[in-house]
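Please open the model in your viewer and keep the selection tool at hand. The stops below tell you what to select next and what you will find there.

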Amino acid sequence: MTLITKQNLESFFEYYHGFHDSYITDIHYDIKCSKIEIFIDVYWSGVPIQKADGTYETGKTKIKMIFNGVEQCNNKEIFSWDYISEVFIKYIKIKNKEYICFASSEEEPLIYIVCDSIEYEELNDNSKRRNNKKGSDV
């Protein structure tokens, strides 16, 4: 897992193109541990490759994100995973403590999470299936 920090946030956004045209596919809540795990199908990762016909081929990948020390969260569509045009991730202060905020959009997010830290990793199809077979919610 890779921790998102102030130092790597910009490169994270550039590499994954702000999760443009992506979909949240699964969410697991662990209220006891103040942790949320989200799976996202990202359709723009890496550097797009221009094909001979002038169109672009994008890097498609699956990402698992873990939000640790959840302070606030809201999910308007709890049973519906939705399209992400571009995510919003920003460091914020609440009562003199710094948190990181993740939202599915800046204006009207379907999901937002305010937490202590965010970790992420890319998954292949087999690794997600292995995790689900174990019955692990986080």
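Keep in mind throughout that this is a predicted model. Begin at strand E10, and select methionine 65 together with tyrosine 120: methionine 65 stands opposite tyrosine 120, which belongs to E10. These two residues give you a way into the pairing of strand E4, residues 56-68, with E10, which is antiparallel and runs over seven bridges.

Now move to the other partner of the tour, strand E1, which covers residues 2-3 and is joined to E10, residues 117-123, by two bridges in the antiparallel sense. If you select leucine 3, you will find glutamate 119 of E10 standing opposite.

Next, colour the whole sheet. In which order do the strands of the open sheet lie? There are six of them, in the order E1-E10-E4-E3-E2-E6, and their pairing is antiparallel. The edges are taken by E1 and by strand E6 (83-84), and because each has a single partner strand, one side of each is left without a neighbour in the sheet. As you look along a strand, it helps to remember that in a regular strand the side chains alternate between the two faces of the sheet.

Step back to the full chain for a moment. The protein chain has two helices and ten strands, and read from the N terminus the elements follow the pattern β-α-β-β-β-β-β-β-β-β-β-α. Of the 138 residues in the protein chain, 36% are buried, and the chain exposes about 8,400 Å², with carbon and sulfur atoms supplying 47% of that area. Among the contacts between residues at least 6 apart in sequence, 62% join residues that are at least 24 apart.

Then turn to the charged side chains. Side chains of opposite charge can pair when their charged atoms come close. The count of salt bridges comes to five, and a good one to select is lysine 64 with glutamate 37, whose side chains meet at 3.8 Å, N to O. Lysine 64 lies in strand E4 and glutamate 37 in strand E3, so that the pair, 27 residues apart, links distant parts of the chain. Is lysine 64 buried or exposed? Its relative accessible area is 10%, and because buried means under 20%, lysine 64 counts as buried; glutamate 37 is buried as well.

Keep lysine 64 selected and add glutamate 121, since the side chains of these two residues also meet in a salt bridge, at 3.3 Å from N to O. Glutamate 121 lies in strand E10 and lysine 64 in E4, so this pair ties together parts that are 57 residues apart in sequence. Glutamate 121, with 26% relative accessibility, is partly exposed.

For another salt bridge, select lysine 97 and aspartate 116, whose side chains meet at 3.2 Å, N to O. Lysine 97 is in strand E8 (residues 97-103), while aspartate 116 is in the loop between strand E9 (111-115) and E10, 19 residues away in sequence. Both are partly exposed, lysine 97 with a relative accessible area of 39% and aspartate 116 with 38%. Returning to the earlier residues, Glu37, Lys64 and Glu121 are joined into one network by salt bridges that share partners.

Finish at cysteine 33, in the loop between strand E2 (22-30) and strand E3 (35-50). Cysteine 33 is partly exposed, at 48% relative accessible area, and cysteine 73 is partly exposed too, at 40%. A search of the whole structure finds zero disulfides.

Methods
Residues numbered from 1 in each chain as written. Predicted model: local features only at pLDDT ≥ 70, side-chain atom pairs only at ≥ 80, totals over all residues. Heavy atoms only, no water. Pairing = 2+ DSSP bridges. Helix = DSSP H or I, 4+ residues; strand = E, 2+ residues; numbered from the N terminus. Buried < 20%, exposed > 50% of the residue type's maximum accessible area, 1.4 Å probe, protein only. Contact = heavy atoms within 4.5 Å. Areas by Shrake-Rupley, 256 points an atom, 1.4 Å probe, with all protein chains shown as cover. Disulfide = S-S within 2.5 Å. Salt bridge = Lys/Arg side-chain N within 4 Å of Asp/Glu carboxyl O.
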